[in-house]
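Me: Could you take a close look at one part of this protein for me, a single helix and what surrounds it? After that, I would enjoy a walk through the neighbouring features.

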Amino acid sequence: MKILILNGPNLNLLGTREPEIYGTISMDQYLEELRKEFPQHEILYYQSNIEGEIINRLQENDFESLVINPGAFTHYSYAIADCLKNISQPKIEVHISNIYKREEFRQKSVTAANADGILSGFGMKGYRLAVLSLGK
């Protein structure tokens, strides 16, 4: 199965950004682990700090399943939410931190209604759990 993992703004800083919240492992390091653990899947990766680039990547529609962490766009990007609505493939929204234990504005996801499931608060393991749930 071809799985696209897509990360939104500031997630290019994983490993150095607020390590007390996001941990100390980079996404590149974690992707290496995921690809070793799930060799039966082709795991694609894309990250952008730009909303339109994220939408363009999603609209390429070259994947069978999606794992998306929209980052801060989770809380206000109706454009990404609308794009997700038009994707028929299975999709899981992932958040490294528990968004419900964070600032009030982070406790609402406008994109979640267009995902098949949500994982929040499992750290980087959330990506692994998403791949496990999609790769049945």
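**A helix with two sides**

Reply: Happy to. On one side of helix α4, Tyr-78 and Lys-85 are exposed. Keep in mind that this is a predicted model, so every value here is computed from its atoms.

The other side of α4, which covers residues 78-85, holds the buried residues Ile-80, Ala-81, Cys-83 and Leu-84. Looking down the axis of α4, these buried residues fall within an arc of 160°, so they line one face of the helix. The spacing has a simple background: an α-helix has 3.6 residues a turn, so residues three or four places apart point the same way. As for what lies over that face, the cover of the buried residues includes α3 (51-59), β3 (65-69) and β4.

Strand β4 leads us to the next stop. This strand runs over residues 91-95 and contains His-95. According to UniProt, in an unreviewed entry, the feature "active site" is placed at Tyr-22 and His-95. These two positions span 74 residues in sequence, yet their C-alpha atoms are no more than 9.7 Å apart, so they gather at one spot. Tyr-22 belongs to helix α1, residues 19-22, and is buried, with a relative accessible area of 7%. His-95 is buried too, with a value of 4%.

What surrounds His-95? Setting aside neighbours within four places in sequence, its contacts are Asn-69, Pro-70, Thr-74, Ile-118, Leu-119, Ser-120, Gly-121 and Phe-122. Closer along the chain, the side chain of His-95 makes a polar contact of 2.7 Å with the side chain of Glu-93.

Finally, the aromatic rings. A pair of them is described by the distance of the centres and the angle of the planes. The count here comes to two aromatic pairs. In one, Tyr-30 and Tyr-127 are tilted, 6.4 Å centre to centre with 55° between the planes. Tyr-30 sits in helix α2 (residues 27-37) and Tyr-127 in helix α5 (residues 125-134), so the pair ties together parts that are 97 residues apart in sequence. Tyr-30 is buried at a relative accessible area of 7%, and Tyr-127 is buried at 0%. The other pair joins Phe-73 and Tyr-76 in an edge-to-face arrangement, with 5.8 Å between centres and 70° between the planes. Phe-73 counts as buried, at 6% relative accessibility.

Methods: Residues are numbered from 1 along each chain as its sequence is written. This is a predicted model: local features need pLDDT of at least 70, side-chain atom pairs count only at pLDDT 80 or more; totals for chains, interfaces and linings use all residues. Side-chain values use heavy atoms; hydrogens and water are left out. UniProt positions are given in the numbering used here, feature names are shortened, and annotations may be inferred rather than shown by experiment. Helices (H or I, at least four residues) and strands (E, at least two) are DSSP runs, numbered from the N terminus. Buried means under 20% relative accessible area, exposed over 50%, partly exposed in between (1.4 Å probe, protein chains only). Contact means heavy atoms within 4.5 Å. A polar contact is a pair of N or O atoms within 3.5 Å; within protein, one must be able to donate a hydrogen and the other to accept it, and residues adjacent in sequence count only if both atoms are side-chain atoms. The arc is that of the directions from the helix axis to the C-beta atoms. Rings of Phe, Tyr and Trp (its six-membered ring) pair if their centres lie within 6.5 Å; planes under 30 degrees apart count as stacked, over 60 as edge-to-face and the rest as tilted.
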